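Colleague: I am new to this structure and would like to go through it slowly. Could you take my questions one at a time?

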Amino acid sequence: MPETTDIFEVMSTMRAMRRLKPDPVPDELINKILQAAQWAPSGGNTQRWRFLVVKDPEIKKGVQVYYKRLYDETVGPRYVSSAPPPGSDPARYRRQNAAVEYLTDHYHEAPVWIVACLEDGENPGRTAGSSIYPAVQNMLLATRALGLGTTLTTRHTGYGKEVDAIFGLPSGVHSYAILPIGWPMGRFGPLGRGPLKDVVYQDQWGKPYQGL
Ligand SMILES: Cc1cc2nc3c(=O)[nH]c(=O)nc-3n(C[C@H](O)[C@H](O)[C@H](O)COP(=O)(O)O)c2cc1C
């Protein structure tokens, strides 16, 4: 079931697909993903988003160097020392880390990146991201519906200034996410999440929701 337009199946099988083939992805499919992004809501319908479609190997490699540096400096050590998240277990968490490391090493080999940017001014406030992440989520969903693989990545923002300079972003514009897109090597499938009842309350914090 690589392609599906059933929205609940799309959401419930939309794994982070970190192992991607380098084979080209037709522009026609990328354009569908971009259209999905633009259908998203933004505060006041301001639509201050901009999307960079990156195919240039040198630009991707330049960014991958920072992406890898951040893995070595912070992300890798954190995986080794932290407990598995809800719905996971040590073995599954180790596989996740292996996939994260794989994407780190092969980031630039994904044939297409879409970089989600926002004209958010010099000092973006706490809600700035809320006008770009709905578009990012739409792209994740569209990518999955088309049978393509991707992962929402934001690690590069640890070297945000350096990476935004590589992308040639003017001042007042920042990158919020990079989606490396390609045909997946693995399969879509069920997601590891904790029980829903652990995260839903009724009326007040901590009171169990009676609807489940
Ligand atoms: C805000 C945010 C930032 C993320 N950044 C990265 C990233 O830089 N690199 C990466 O490999 N995955 C990144 N992810 C993907 C998460 O690790 C992934 O969604 C999570 O492990 C759940 O994976 P699953 O949907 O396959 O279960 C990010 C996800 C979110 C929501």
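What follows is a conversation about the ligand, a loop residue, the strands and two backbone angles in this predicted model.

Colleague: Which residues come nearest to the ligand, of the 14 around it?

Modeller: The shell around the ligand divides into six nonpolar, four polar and four charged residues. Of the 14 residues around the ligand, those that come nearest are Ala16, Arg18, Tyr67, Leu152 and Arg193.

Colleague: Which residue has a polar side-chain atom 2.8 Å from an oxygen atom of the ligand?

Modeller: Two polar approaches involve a nitrogen atom of the ligand, with a polar backbone atom of Leu152 at 2.9 Å and an N or O atom in the side chain of Tyr67 at 2.8 Å. The approach to an oxygen atom of the ligand, at 2.8 Å, comes from a polar side-chain atom of Arg193.

Colleague: How much of the area that the ligand exposes when taken alone does the protein bury?

Modeller: Taken alone, the ligand exposes 630 Å², and this is the area to which the share refers. The part of it that the protein buries is 65%.

Colleague: Is Thr150 buried or exposed?

Modeller: Thr150 lies in the loop between helix H5 (133-145) and helix H6 (160-166), and its side chain reaches the backbone oxygen of Pro180 at 2.7 Å. Beyond its sequence neighbours up to four places away, Thr150 touches several residues, among them Arg15, Ala16, Leu140 and Ile181. Since buried means under 20% relative accessible area, the 7% relative accessibility of Thr150 makes this residue count as buried.

Colleague: Which residue of S3 is the bridge partner of Ala116?

Modeller: Strand S2 (residues 112-119) has seven of its eight residues buried, so it is largely enclosed by the rest of the structure. Six bridges join S2 to strand S1 (residues 49-54) in an antiparallel arrangement, and in that pairing Ala116 is the bridge partner of Phe51. S2 also pairs with strand S3 (residues 173-181) in the antiparallel sense, over eight bridges, and there the bridge partner of Ala116 is Ala177.

Colleague: Which residue in the segment after S3 has a positive phi although it is not a glycine?

Modeller: Asn45, in the loop between helix H2 (27-38) and S1, has a positive phi near 55 degrees and counts as exposed at 51% relative accessibility. In the segment after S3, the residue with a positive phi, about 70 degrees although it is not a glycine, counts as exposed at 74% relative accessibility, and it is Asp203.

Terms used: Residues numbered from 1 in each chain as written. Predicted model: local features only at pLDDT ≥ 70, side-chain atom pairs only at ≥ 80, totals over all residues. Heavy atoms only, no water. Near = heavy atom within 4 Å. Polar contact = N/O pair within 3.5 Å; in protein donor to acceptor, adjacent residues only side chain to side chain. Areas by Shrake-Rupley, 256 points an atom, 1.4 Å probe, with all protein chains shown as cover. Nonpolar A, V, L, I, M, F, W, Y, C, P; charged D, E, K, R; others polar. Helix = DSSP H or I, 4+ residues; strand = E, 2+ residues; numbered from the N terminus. Buried < 20%, exposed > 50% of the residue type's maximum accessible area, 1.4 Å probe, protein only. Contact = heavy atoms within 4.5 Å. Pairing = 2+ DSSP bridges.
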